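Trainee: I'd like a close look at one part of this model, the charged pairing, and then whatever it leads on to. Could you talk me through it in one go?

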Amino acid sequence: MVGGFGVGKTTMVRSVSEIRPLSTEETMTRAGIGVDDTTAVRGKTTTTVAFDFGRITLDDELVLYLFGAPGQERFWFLWDRLFAGTLGAVVLVDTRRVQDSWYAIDRLEHHGTPFVVARNNFGAPQHSRHQLRDALDLPPHVPLVDCDARRRDSSKAVLVALVNHLFALSFARETTP
Amino acid sequence: MSPRLHDENPDRLYTITGGRSRVVDDGSIDLVTLIVSESEPSAGMQSEHARILRICRRPTAVVELSADLELPVGVVRILLCDLLDAGVVTARHPRTSHSPDALPSPELLKRVLLGLQKL
Ligand SMILES: Nc1nc2c(ncn2[C@@H]2O[C@H](COP(=O)(O)OP(=O)(O)O)[C@@H](O)[C@H]2O)c(=O)[nH]1
Ligand SMILES: [Mg+2]
């Protein structure tokens with residue numbers, strides 16, 4: 001789950017996770033941050049970023065891990081780590097602050113990580129779905145769903161939408177020579 | 001967020017890692033790598049090492065260890081390297097797609113869907 005501050009990432013991870021609410025921290029030396037980060041200081045200052053995680057046991061053999069990470073640009077090094085081996089991402093959007101999601105969407109597209117966009121319910125939306133797609137510059141094939149991250153069934157439906165999207169992509173790839 | 005993590009005394013982290021700040025970043029231990037104990041804690045072992053051995057009697061993901069121990073993932077990685085070097089734990093790596101545009105198979109995704117729908 002990625003998105004701006006206060007968009008509901010922690011809430012969503014917690015509402016679907018089977019384990020007690022968990023968060024932890026990743027440390028990175030500044031040297032590991034990479035060339036894109038113009039704010040990076042030379043040397044070895046340690047940066048610590050908190051992120052949420054949750055777990056869902058799917059069957060005897062499969063466990064799904066959920067990670068909630070801040071969506072701001074300065075955290076992208078954390079994403080690269082979280083995204084290694086990830087199935088896909090949920091971009092949470094608060095329609096009052098659509099611009100907070102731009103960077104996340106851009107980065108995911110660039111990275112080739114499949115994702116869905118979930119419009120979190122913070123009261124009556126001020127935009128139609130069409131307007132929201134426009135504002136996010138969302139490609140037509142990317143699903144846009146509504147949710148209330150506080151509700152388990154609603155958060156679960158977002159995960160199902162993501163996996164359905166992945167299934168369609170994977171199926172198409174297998175059947176196209 | 002756990003306030004304890006944020007208020008962490010840097011001295012404590014320094015002591016735990018023996019002052020090493022090296023981030024084990026070769027990709028060999030990722031957040032969902034499962035760690036399994038291969039022996040029991042021994043007398044005189046550093047307490048964090050002993051705790052890891054006890055927790056990992058059941059295979060435990062690195063990220064869960066980090067939360068249980070209330071230590072940042074980077075510190076846990078350093079501790080795990082010690083234990084791996086000593087041969088008292090083993091690491092089981094998740095099946096991951098290393099190419100960014102590699103998708104899981106439709107069969108695997110079906111199983112994920114079935115599992116989610118049962119929630
Ligand atoms: N109305 C409404 N509030 C929500 C929803 N999801 C989260 N919140 C609230 O928004 C606040 C910020 O949520 P949080 O999960 O901490 O955001 P994060 O910064 O993305 O982790 C909390 O007070 C939540 O209770 C939602 O779907 N609807
Ligand atoms: Mg949060």
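Mentor: Counting over all chains, the structure holds twelve salt bridges, and keep in mind that we're looking at a predicted model here. The one I'd pull up on screen joins the side chains of Glu61(A) and Arg111(B), with 2.9 Å from N to O. This pair crosses between chains: Glu61(A) sits in the loop between strand 3 (46-57) and strand 4 (63-70) of chain A, while Arg111(B) belongs to helix 6 of chain B. As a rule of thumb, side chains of opposite charge can pair when their charged atoms come close.

Now zoom out to the interface itself. Between chain B and chain A the count is three salt bridges. On top of that tally, look at polar contacts: eight residue pairs across the interface of chain B and chain A qualify, with both partners at pLDDT 80 or more. On the chain B side, at least two residues each come from helix 1 (3-6), helix 4 (62-69), helix 5 (73-85) and helix 6 (106-117). Helix 6 of chain B, home of Arg111(B), gives the most to that side, with eleven residues. Sort the side of chain B that touches chain A by class and you get 23 nonpolar, ten polar and nine charged residues.

How big is the whole thing? People often give the size of an interface as the accessible area lost when the parts come together. Here, chain B and chain A bury about 3800 Å² between them, and 63% of that is on carbon and sulfur atoms. In residues, 42 from chain B are in contact with 44 from chain A.

Chain A also has a ligand to look at. Ligand 1 is surrounded by 14 residues, and the closest are Gly6(A), Thr10(A), Thr11(A), Asn120(A) and Asn121(A). Asn120(A) puts a side-chain N or O atom 2.4 Å from an oxygen atom of ligand 1. Lys9(A) has a polar side-chain atom 2.8 Å from a ligand 1 oxygen, whereas Val7(A) uses a polar backbone atom, 3.2 Å from an oxygen of ligand 1. On its own, ligand 1 has 580 Å² of accessible area, and the protein covers 69% of it. Helix 1 (residues 9-16) of chain A gives the most to this shell, with three residues. By class, the shell around ligand 1 has seven polar, four nonpolar and three charged residues.

Definitions and conventions: Residues are numbered from 1 along each chain as its sequence is written. Chains are lettered from A and ligands numbered from 1 in the order in which they are written. This is a predicted model: local features need pLDDT of at least 70, side-chain atom pairs count only at pLDDT 80 or more; totals for chains, interfaces and linings use all residues. Side-chain values use heavy atoms; hydrogens and water are left out. A residue is near a molecule or strand if one of its heavy atoms lies within 4 Å of it. A polar contact is a pair of N or O atoms within 3.5 Å; within protein, one must be able to donate a hydrogen and the other to accept it, and residues adjacent in sequence count only if both atoms are side-chain atoms. Accessible areas come from the Shrake-Rupley method with a 1.4 Å probe; for residues, only the protein chains shown count as cover. Helices (H or I, at least four residues) and strands (E, at least two) are DSSP runs, numbered from the N terminus. Ala, Val, Leu, Ile, Met, Phe, Trp, Tyr, Cys and Pro count as nonpolar, Asp, Glu, Lys and Arg as charged, and the others, Gly among them, as polar. Contact means heavy atoms within 4.5 Å. Buried area is the accessible area (1.4 Å probe) that two parts lose on being put together, summed over both. A salt bridge is a side-chain nitrogen of Lys or Arg within 4 Å of a carboxyl oxygen of Asp or Glu.
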